[in-house]
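Here are a few exercises to work through with the model open beside you. Try each task before you read its solution.

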Amino acid sequence: MSDRPQQIVVFDQRPFFEQVLVHGLQNRIIAQERVTDILNDAPKGMVQIAEYFGSQYLRPNIEAARERIVNLVSLFLEENSAGDLDKAARSLRDHTFLSLSRGGSEMLKSLWAMPEDESFGMLVRQSQKEFLAEWSLRNLADYRQALEQRRAYQLTISAALWFAERLGVPESSISTVAVESIIRTAMLLYLSGSMAASIPNAAEFADILAAIRKKGLPAKGRKLVKEIFKELPEAYQALASRQLNRLETEDLPRIVDASRPLSQLLRELEPLYFLRDFGPEDASQFDAMVSHEWQKMTGGKTDDDTLLTLFVCLATDTPPKRALTRTAARALIRKARTDGFKRPPVLAFVRSFAPYEMQDDLEALWKDFFLAAESELLDASDTTLVKALTFLKENCVVL
C-alpha cells in the first residue's frame, strides 16, 4: 500500500445560505439575535412567495416557497460575495432576510429582461412569472452560465444595431431578425466595395454575388473594411471579425465557384444575410435571375410532357433532355432497371432551379407521376419493354 498521504475533498451540498449562517455563528460574525430575526422574517417571505406562485394555503406551495426563498438568498449572497463566507456572513448580518431574498429575485428579473437569443425583438417571451418559477430553484452555476450567454447575445445585438444605423436601417424593421445576419451583410457590402448606405434587397444581393463571381473582390473593398474597423467600437471588433471570417472562408469559395448555378447559390446564402423588403419590380428582376438556369434546362417550355421527360432523365442519372428518341427511351428504361429509379434528384432539381411560384405544383406533378412510372418502368415481366415504352410515350416526349 502506498505511503503517499490521501487527500479527501469534501463537497458541501448544503444551500449557500446555510453554509454562511453556520460559518457566521461559528466565527461570531452573526449573533444569536440575528438568527431570531431570520426565523421571524422567513415565514413572511414564504407566504408572499407561495401566494405569488399559487396559494399560501396549500402545503406543497409552502414547501416550495421555503426552498425558493432559501435559494434566492443563497444566489444573492454567493454572487455578491464571490463565494467568500466571511463577506457573505457580514452581508447576512447587516441586511434583513427579506431584503436578501428580494436581491436574489432582482438578479433573476434582470436576467429575464436580457435577450434569450441573438434575435432582435422576440415575438414570444416566457413570462416573468414563469421564468421566476423555474429560476428561483436553479443554482448559481446555472445563473452565471445564462448571464454570460445573455450578455453575449446583448453585445451581438448592440453591434448589429451599430451597423444597422450606419446602413440606414431603423430598429422597427429588424424585429425577430437573427442579428448576426446584419453584421454579415454589412461585411459583404464593404468587402464588395459597395458605398451604398443601405441594406440590399434580394435583387441587389444577387447583383453583388454576380459581380464578385465575374470580377472578384475589388481592392477598395479591403480598404473599406479596414476603415470600418477603425470606426468600430472595440467591444464589437471580435464579433465583426468573426462574421468577416465566415464570409471569407465559407461564403466566398461558393460565390466564386462557377460550377455552382447562381440560382442555387442565392437560395443557399440568402437565409444567412439580412435583406430589405422589395416590391413587385424587384421581385420580377430577382425571379428572372434565379430562373435563368431553369429557362436554360427547359428551353422555356412549361408543358407537363417536357418537364416529365427532364424528370425521368434526372431520376435515372441520365443527362437531362427535353425529348427522347425511341432508342434513348429504351436505354433509359434499361438504366432504370439496372441502377434504380430515384425520386430525390428531381425534388432537389425543382427546389434549386424552378421559379418559386412553380415549385409546389411541380413537386405534386412529380409525386403523382413517380409511383406509376416506378411500376411501369421497372416491371420485370415486360421483357420487350413495350409496356414501358408506351408509358413513356403517353407521359413524356418520345420522338
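**Exercise 1.** How far is the sulfur of Cys313 from the closest cysteine sulfur, and why is there no bond between them?

*Solution.* First, a quick word on what you're looking at: this is a predicted model, where local features need pLDDT of at least 70 and side-chain atom pairs count only at pLDDT 80 or more, while totals for chains, interfaces and linings use all residues. Residues are numbered from 1 along each chain as its sequence is written, and side-chain values use heavy atoms, leaving out hydrogens and water.

Step 1: recall that a disulfide is a covalent bond between the sulfur atoms of two cysteines. The cut-off here is a pair of cysteine sulfur atoms within 2.5 Å.

Step 2: look up the distance. The closest cysteine sulfur to that of Cys313 is in Cys396, 8.2 Å away, which is too far for a bond. By this rule, the count of disulfides is zero.

Step 3: check the surroundings. Cys313 has 0% relative accessibility, so it counts as buried (under 20% relative accessible area; exposed is over 50%, partly exposed in between, with a 1.4 Å probe and protein chains only). Cys396, at 4%, counts as buried too.

**Exercise 2.** Work out whether the length of helix 5 agrees with its number of residues.

*Solution.* Step 1: find the helix. Helices (H or I, at least four residues) are DSSP runs numbered from the N terminus, and helix 5 covers residues 97-113.

Step 2: get the expected span, which is 1.5 Å times one less than the number of residues. For the 17 residues of helix 5 that gives 24 Å; the end C-alpha atoms are 25 Å apart, so the two agree.

Step 3: see what is tucked away. Buried residues of helix 5 include Phe97, Leu100, Gly103 and Leu111. Among the elements covering the buried residues are helix 1 (16-26) and helix 7 (140-166), with contact meaning heavy atoms within 4.5 Å.

**Exercise 3.** Classify the ring pair of Phe131 and Trp135 as stacked or edge-to-face.

*Solution.* Step 1: set the rule. Rings of Phe, Tyr and Trp (its six-membered ring) pair if their centres lie within 6.5 Å; planes under 30 degrees apart are stacked, over 60 edge-to-face, and the rest tilted. The structure holds 12 such aromatic pairs.

Step 2: apply it. The ring centres of Phe131 and Trp135 are 5.6 Å apart and the planes sit at 20°, so the pair is stacked.

Step 3: place the pair. Phe131 and Trp135 are four residues apart in helix 6, about one helical turn, and both are buried.

Key:
Helices (H or I, at least four residues) and strands (E, at least two) are DSSP runs, numbered from the N terminus.
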